[in-house]
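Reader: I have a structure to look at and would like the reasons behind the words used for it. Please set each value against its rule.

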Amino acid sequence: MAKPSASFRCTECGWSTLKWAGRCGECQQWGTVQASDEKTGIIRTVAASHLRDGSIARPITDAATDAAAHWPTGVAEFDRVLGGGIVPGSVILLSGEPGVGKSTLLLEVASKAAVAKSRVLYVSAEESVSQIRLRAERTGALEPLLFIAAETDLGTILGQIDAIKPDLLIVDSVQTVSSALSEGAPGGPSQVREVASTLIRLAKDRNLPVMLVGHVTKDGSIAGPRVLEHLVDVVCQFEGDRQTALRFVRALKNRYGSTDEVGCFEMTGDGIAEVPDPSGLFLSRGAKSVPGTCVTIAMEGRRAMPVEVQALVAATNAPNPRRVTNGVDSSRVAMIIAVLEVRAGIKVSDCDVYVSTVGGIRLTEPAADLAIALAIASAAKDAIIGHDVVAFGEISLAGEVRPASAARQRASEAQRLGFTTTYDASIVSIDVATDLSLLGGELSRRRRI
């Protein structure tokens, strides 16, 4: 008996099944399994199309690069992430958690572009025109060349583009726009794919730069089909804790530049402000030194920033001492505490240990291990680490201090900021106990930068 052919196929990964399912069994995406029109046993052929003279392939050396030149947006930190500015015909996807400031940032970009005599069309599918006007008044973004519209239908948005003929298009957000050519509710995989594909095709045909806002899921990834990230040219992630004013913009994908750059912003009452030199945001340097503080140089992309690590060690009679962290990985701190006890003889197992960073920044790289260890050891021994000391290096379970990546750049930034003493893998001994156990008031060895 002939085996029945699969009549349903996932539009994301190609997984096939005999009956319809609401969720793909391979990629676990919802709403992507559709009826397949393919019939087995039929060989399809595609006829060659007639090519115009301007569309025939030519040597890469003859291709012009003038059309792909960056033009600045006027927001220097955002231009840093984009690789110098916006490329005509490019599609930029900006994602982030609700309330982090995506719309505020894009409204600032739109006003700067309008100041530069560019026609900007800002389409909001989530706010009304009056709401956008109120935010623009608060942030000082009222410009005559900035056009705003509140539309959720893709056809109406295309009509607005034909009427305004903008030099820059901003759509906030792609998940709330629907197309009459696709079934399903707005935000579904088919609707997001249809809306994004139409806007991307429009951007390439008219050489019009388009900026899209994308929602994120609970785990922080961009909502909707993954094909959306593959089709766009630039994917930017807007990060930040709503409890703090600091915001970071990172490039997860950039066809026109590097993905190592990070833009730093600060949310204020008047909107969003650039922070070109964030060296003072993560330091709380008082006139008097106190135990339990140490400064490290963290790398955010290719930007080196000083971060102060604070530790507090308090005696307790509880059977299970507390380990509380803020801005650092709790499991990493637990490992460093174990290394201090076993390799350096600094006993904190009967004490509560609190470790935090200043300014709300989060340290995820192993290069901060040495600064965390020094801060905990300083708090445990009531020793003071001077204002001129900076430390970076990775600590292993064997008690070794390993070199940190970009050590030369970290040292140069420390020297620029006025730190005269540095601790890294080349100064701290292989056995961490040799140095950390001598914290009685002065660190064992020092090196002038």
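Reader: Why is Cys-24 called buried?
Author: Cys-24 has a relative accessible area of 1%. Buried means under 20% relative accessible area, exposed over 50% and partly exposed in between, with a 1.4 Å probe and protein chains only. At 1%, Cys-24 is therefore buried. The model is a predicted one, in which local features need pLDDT of at least 70 and side-chain atom pairs count only at pLDDT 80 or more, while totals for chains, interfaces and linings use all residues. Residues are numbered from 1 along each chain as its sequence is written, and side-chain values use heavy atoms, with hydrogens and water left out.

Reader: Why is the sulfur of Cys-24 too far from that of Cys-27 for a bond?
Author: A disulfide is a pair of cysteine sulfur atoms within 2.5 Å. The closest cysteine sulfur to that of Cys-24 lies in Cys-27, at 3.5 Å, so the two are too far apart for a bond.

Reader: How many disulfides are there by this rule, and where does that leave Cys-10?
Author: The count is zero. Cys-10 is in no disulfide, and the nearest cysteine sulfur, that of Cys-24, is 3.6 Å away. Cys-10 counts as buried because its relative accessibility is 3%.

Reader: What makes Ser-182 buried, and Pro-98 exposed?
Author: Ser-182 is buried because its relative accessible area is 15%. Pro-98 is exposed because its value is 59%. Ser-182 sits in the loop between strand 7 (168-172) and helix 5 (189-206), and Pro-98 in the loop between strand 4 (91-96) and helix 2 (102-115). Helices (H or I, at least four residues) and strands (E, at least two) are DSSP runs, numbered from the N terminus.

Reader: Which residues does Ser-182 touch, leaving aside neighbours within four places in sequence?
Author: Ser-182 is in contact with Ser-190, Gln-191 and Glu-194, where contact means heavy atoms within 4.5 Å. With its own neighbours within four places set aside, Ser-103, found in helix 2, is in contact with Tyr-122, Glu-127, Arg-135 and Asp-172.

Reader: How do you know that strand 5 and strand 6 pair?
Author: Two strands pair if DSSP finds at least two bridges between them. Four bridges join strand 5 (residues 120-124) to strand 6 (residues 146-149), so they pair. The two strands run parallel, and Val-123 stands opposite Ala-149 in strand 6.

Reader: What makes the unit of strand 5, helix 3 and strand 6 right-handed?
Author: A crossover is right-handed if, with the strands pointing away from the viewer, the path from the first strand over the helix to the second runs clockwise. Strand 5, helix 3 (residues 129-139) and strand 6 make a right-handed β-α-β unit.
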